[in-house]
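Me: Could you go through this one with me slowly? I'm new to reading structures, so plain words would help.

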Amino acid sequence: VKLWDSGTGDWHWDNSELVAGDFNGDGKSDVGVLYKYANTSDGRGHSGLWTFTSNGAGFNNPVKLWDSGTGSWAADNSKLVAGDFNGDGKSDVGALYKYADTSDGRGHSALWTFTSTGTGFNKPVKLWDSGTGDWHWDNSELVAGDFNGDGKSDVGALYKYANTSDGRGHSGLWTFTSNGAGFNNPVKLWDSGTGSWAADNSKLVAGDFNGDGKSDVGALYKYADTSDGRGHSALWTFTSTGADFNNPVKVWDSGTGDWHWDRTRTT
């Protein structure tokens, strides 16, 4: 059912990055959109954060609750997640932001949050910065969930490393756990190690798949097509122990069927 149409207005799909969460704390999930505008005349990135709030039967018209204004925010440099990071019962928006690499080639990224007030969003606050470390934004795929079961959403990142010398994909699963006021430094809780896991072949989601009160990570994984051209995909889960993740387990495989990973969007 179509619940909203830009109609005589102007809304560019290509300029929109979406997340979903209960931003006003009324028990119904809403849609948030980081919208990209043309850069300012002096080259600053210009973005706005909009919400389509749910009324139970549909969505209210979108409202812009934040604008980068005289600052600079490049939507193309932002990977978004939504979750209740401070545990107040309202979903917030998190953004992993890409900066230029350092002069010695280290990746530079930062994790920002737009905390919800219930009727709007506070200005974004930077809660983690890779600083003198090395974190490549392009190598990160994000999800949000309460991985340790403490009532606050955390951020998970599947991180891509260079392939091993014998050509195996090398990936790690990291979490930024929320402490209510910010995020703890990221910790790597799983590494593909002597196995093979290609991050580029993974589409992630997070949810409490086993009902134990802690969010898990699911990954739809792409394999090479079969010899007769059928798509081959599988669904894996990394179940949370609260302090860690178990090794991934394959819980579905397209097998003799036909499932093309490239035609699939996970939610």
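Reply: Let me begin with a term we will need: two strands are said to pair if DSSP finds at least two bridges between them. Please also keep in mind that this is a predicted model.

Me: ok, so how many bridges join β10 to strand β11?

Reply: Seven bridges join β10 to strand β11, which covers residues 170-176, and the two run antiparallel. As an example of residues facing each other across strands, K160 stands opposite S171 in β11.

Me: and what about β9 and β10, how do they run?

Reply: β9 and β10 also run antiparallel, and six bridges join them. Within that arrangement, L142 has A157 in β10 as its bridge partner.

Me: is β10 mostly covered or mostly open?

Reply: Strand β10 is mostly covered, since six of its eight residues are buried.

Me: where is S153, then?

Reply: S153 sits in the loop between β9, which spans 140-145, and β10, which spans 154-161.

Me: buried or exposed, and why?

Reply: S153 is buried, because its relative accessible area is 13% and the word buried is used for anything under 20%.

Me: what does S153 touch?

Reply: Leaving aside residues up to four places away in sequence, S153 touches G83, D84, F85, G145, D146, S178 and F183.

Me: switching topic: how many helices and strands are there in the protein?

Reply: The protein has zero helices and 16 strands. With a radius of gyration of 19 Å, close to the 18 Å that the globule rule gives for 267 residues, the protein is therefore as compact as a globular protein of that length. Its C-alpha trace spans about 50 × 50 × 40 Å along the principal axes.

Me: how much of it counts as buried?

Reply: Of the 267 residues, 42% count as buried. As for the outside, the protein exposes about 13,300 Å², and carbon and sulfur atoms supply 49% of that area.

Me: which residues make the nonpolar surface patch?

Reply: The patch, of about 440 Å², is made by L235, V249, V251, W252 and W259. Strand β16, residues 249-253, gives the most to this patch, with three residues.

Me: and W252, where does it lie and why is it called partly exposed?

Reply: W252 lies in strand β16, and it counts as partly exposed because its relative accessibility is 34%, a value that falls between the 20% limit for buried and the 50% limit for exposed.

Notes:
Residues are numbered from 1 along each chain as its sequence is written. This is a predicted model: local features need pLDDT of at least 70, side-chain atom pairs count only at pLDDT 80 or more; totals for chains, interfaces and linings use all residues. Side-chain values use heavy atoms; hydrogens and water are left out. Patches are made of residues with over 30% relative accessible area and no salt bridge: like charges are joined within 9 Å, nonpolar side chains (Val, Leu, Ile, Met, Phe, Trp, Tyr) within 5 Å. Accessible areas come from the Shrake-Rupley method with a 1.4 Å probe; for residues, only the protein chains shown count as cover. A salt bridge is a side-chain nitrogen of Lys or Arg within 4 Å of a carboxyl oxygen of Asp or Glu. Helices (H or I, at least four residues) and strands (E, at least two) are DSSP runs, numbered from the N terminus. Buried means under 20% relative accessible area, exposed over 50%, partly exposed in between (1.4 Å probe, protein chains only). Contact means heavy atoms within 4.5 Å. The radius of gyration is taken over C-alpha atoms; the globule rule is 2.2 Å times the number of residues to the power 0.38.
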